[in-house]
Amino acid sequence: MLAGSDVTVYSTGGRFLHHSNSYVGEFARKMLNGINADIMFFSPRGINSSGKVTVSSTEDDIHKAMMENSSKICMIADNSKFDKAFPFTICNITQVDYLITDNPIPAPLEHNGLIVADK
């Protein structure tokens, strides 16, 4: 689809994970260290009731590298992500600027200064 468009595409390279359609590893992290972004969009594996945003071990370094180099952080999480936790915490929900979700967020997470877009 991109071949016939005017869209400029950059790819981080590294190991491709089919389950998340993402690149991970040292090659990807090194490339991200040189990028300054206005906004980062990401989707975590889970968000627990205390606000920890979690992922699997193979993705945490990539998310953290991009978060450090972005002015704003936008998290995309449907209702299946809430009240779930995975082994690695990448941030706290208080570090996220925007949340796009399909349902209102659970009560324990409501007052974290997020700008929430739902439905």
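Of the 119 residues in this protein, 34% are buried, where buried means under 20% relative accessible area. Keep in mind as you look around that this is a predicted model. Among contacts with a separation of 6 or more, 61% are between residues 24 or more positions apart.

Let's walk along the chain. The protein has two helices and nine strands. Starting at the N terminus, the elements follow the order β-β-α-β-β-β-α-β-β-β-β.

A good place to stop is the open sheet of three strands, ordered E4-E5-E7 and paired in the antiparallel sense. Strands E4 (46-47) and E7 (88-92) are at the edges; each has a single partner strand, so one side of each has no neighbour in the sheet. Let's take the two pairings in turn.

E4 and E5 run antiparallel and are joined by two bridges. One contact point to find on screen is isoleucine 47, whose bridge partner in E5 is valine 53. The hairpin made by E4 and E5 has four residues between the strands, and here glycine 51 adopts a positive phi near 95 degrees.

On to the other pairing: strand E5 (residues 52-55) is antiparallel to E7, with four bridges between them. To trace the register, begin at lysine 52, which has asparagine 92 of E7 as its bridge partner. Then move to valine 55, which stands opposite phenylalanine 88 in E7. As a general point for reading such a sheet, side chains in a regular strand alternate between the two faces.

What lies across E5 and E7? That is helix H2 (residues 60-68), which runs at about 20 degrees to E7.

H2 also leads us to the largest pocket, since the elements that each supply at least two residues of its lining are strand E2 (22-24), strand E3 (37-42) and H2. In general, empty space like this is revealed by rolling a probe the size of a water molecule over the atoms. The largest pocket holds about 540 Å³ of space. It is lined by 22 residues, and the closest to its centre are Ser22, Phe41, Phe42, Ile62 and His63. Which strand gives the largest share of the lining? It is E3, with five residues. As for chemical character, the lining of the largest pocket is made up of 12 nonpolar, seven polar and three charged residues.

Terms used
Residues are numbered from 1 along each chain as its sequence is written. This is a predicted model: local features need pLDDT of at least 70, side-chain atom pairs count only at pLDDT 80 or more; totals for chains, interfaces and linings use all residues. Side-chain values use heavy atoms; hydrogens and water are left out. Two strands pair if DSSP finds at least two bridges between them. Contact means heavy atoms within 4.5 Å. Axes are lines fitted to C-alpha atoms, for helices over the stretch in contact, and angles run from 0 to 180 degrees between N-to-C directions. On a 1 Å grid over the protein atoms alone, a cavity is a set of points where a 1.4 Å probe fits but cannot get out, and a pocket is an open set with protein on both sides within 12 Å along at least five of seven lines; lining residues have an atom within 4 Å of a point. Grid points are joined across faces, edges and corners, and a volume is the space filled by probe spheres set on the points. Ala, Val, Leu, Ile, Met, Phe, Trp, Tyr, Cys and Pro count as nonpolar, Asp, Glu, Lys and Arg as charged, and the others, Gly among them, as polar. Buried means under 20% relative accessible area, exposed over 50%, partly exposed in between (1.4 Å probe, protein chains only).
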